[in-house]
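Open the model in your viewer and keep the selection box handy. We'll go stop by stop, picking something to select and then looking at what is there.

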Amino acid sequence: WESKNLVIGWNNNFKNLFIVAYSINIKMSLQIGQQAPDFQLYDTEKNLVTLSELKGHNVVLLFFPFAFTGVCTAEMCSVRDDMSTYEGLDAHVFGISVDSLHSLKRFKADQNLNFSLLSDFNKVASNAYETIYEVFAQGTLGVSKRSAFVIDKEGIIRYVEVLENAGEVPNLAAVKAVLAEI
């Protein structure tokens with residue numbers, strides 16, 4: 001969020017200058033080159049994962065709406081099937097959704113996922129990364145938007161893709177291309 005002050009001032013009726021000042025908050029989007037917002041989330045094994053503790057490694061964050069849904073399953077399985085590429089690029093991959101730890105643990109086991117899934121049940125990371133639907137399908141509130149972020153070894157955002165359409169999948173080829181460049 002960025003605060004803006006607005007100053008206005010001329011009154012034609014009284015021929016004098018007046019000032020009205022107020023503050024408004026404008027939401028600023030995350031940009032490439034910015035420091036990635038830090039977070040702490042639990043993985044399916046109940047380990048606390050802190051983004052800032054991963055400095056020295058590239059990180060891929062893949063936010064997704066819900067476990068066990070068609071597009072989410074296809075996306076996560078695609079990453080699973082290409083995990084050796086991500087590992088070769090020194091990238092730690094994390095899938096993040098607002099699902100409970102129990103649901104994500106079952107999803108990970110059912111799909112044989114070979115990377116960590118993090119529960120953002122309280123929507124802290126989804127809000128920090130500005131990747132949350134206020135209202136999703138069937139009136140569901142506070143669901144993560146499908147999105148991808150690449151964070152370099154210094155904690156700087158190098159790739160951002162936030163999708164409004166939950167039926168689309170992030171450009172994982174672009175994610176890997178950015179990882180190969182950093």
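Start with the whole chain: of its contacts with a separation of 6 or more, 59% are between residues 24 or more positions apart. Keep in mind that this is a predicted model. Switch to cartoon view and you can look for five helices and eleven strands. Of the 182 residues, 43% are buried. Turn on the surface, and you have about 9,800 Å² of accessible area, 52% of it belonging to carbon and sulfur atoms.

**Stop 1: the sheet**

Hide the surface again and colour the strands. Seven of them make an open sheet with mixed pairing, in the order 4-3-7-6-5-10-11. Which strands stand at the edges? Select 48-50 for strand 4 and 157-162 for strand 11: each has a single partner strand, so one side of each has no neighbour in the sheet. Neighbouring strands here are turned by 30° against each other on average, ignoring direction.

**Stop 2: strand 10**

Now select residues 147-151, which are strand 10. Are its residues mostly covered or uncovered? Covered: five of its five residues are buried. Show the side chains and you'll see Ser147, Phe149 and Ile151 pointing one way, with Ala148 and Val150 pointing the other.

Strand 10 pairs with strand 11 in the antiparallel sense, over five bridges. Zoom in on Phe149, which stands opposite Val160 in strand 11, then on Ile151, which stands opposite Ile157. These two strands form a hairpin with five residues between them. Click on Gly155 in the turn, where phi is positive, at about 85°.

Strand 10 also pairs with strand 5, again in the antiparallel sense and over five bridges. To see one pairing, select Leu62 and its bridge partner in strand 10, Ala148.

**Stop 3: two helices on the strands**

Select 70-81 to bring up helix 1, which lies across strand 5, strand 6 and strand 7. Helix 1 runs at about 160° to strand 5. Next, select 101-110 for helix 3, lying across strand 3, strand 6 and strand 7. Its angle to strand 7 is about 160°.

**Stop 4: salt bridges**

How many salt bridges does the structure hold? There are seven, and we'll visit some of them.

Select Arg146 and Glu75, whose side chains meet at 2.8 Å, N to O. Arg146 sits in the loop between strand 9 and strand 10, while Glu75 is in helix 1, 71 residues apart. Are these two buried or exposed? Arg146 has a relative accessible area of 2%, so it counts as buried. Glu75 is buried too, at 1%.

Move on to Lys176 and Asp82, another salt bridge, at 2.4 Å from N to O. Lys176 lies in helix 5 and Asp82 in the loop between helix 1 and helix 2, so this pair ties together parts that are 94 residues apart in sequence. Lys176 is partly exposed, with 22% relative accessibility.

Finish with Lys153 and Asp90, a salt bridge whose closest N and O atoms are 3.4 Å apart. Lys153 takes you back to the loop between strand 10 and strand 11, and Asp90 is in the loop between helix 2 and strand 6, 63 residues apart. Both count as partly exposed: Lys153 at 35% relative accessibility and Asp90 at 29%.

Notes:
Residues are numbered from 1 along each chain as its sequence is written. This is a predicted model: local features need pLDDT of at least 70, side-chain atom pairs count only at pLDDT 80 or more; totals for chains, interfaces and linings use all residues. Side-chain values use heavy atoms; hydrogens and water are left out. Helices (H or I, at least four residues) and strands (E, at least two) are DSSP runs, numbered from the N terminus. Buried means under 20% relative accessible area, exposed over 50%, partly exposed in between (1.4 Å probe, protein chains only). Contact means heavy atoms within 4.5 Å. Accessible areas come from the Shrake-Rupley method with a 1.4 Å probe; for residues, only the protein chains shown count as cover. Two strands pair if DSSP finds at least two bridges between them. Axes are lines fitted to C-alpha atoms, for helices over the stretch in contact, and angles run from 0 to 180 degrees between N-to-C directions. A salt bridge is a side-chain nitrogen of Lys or Arg within 4 Å of a carboxyl oxygen of Asp or Glu.
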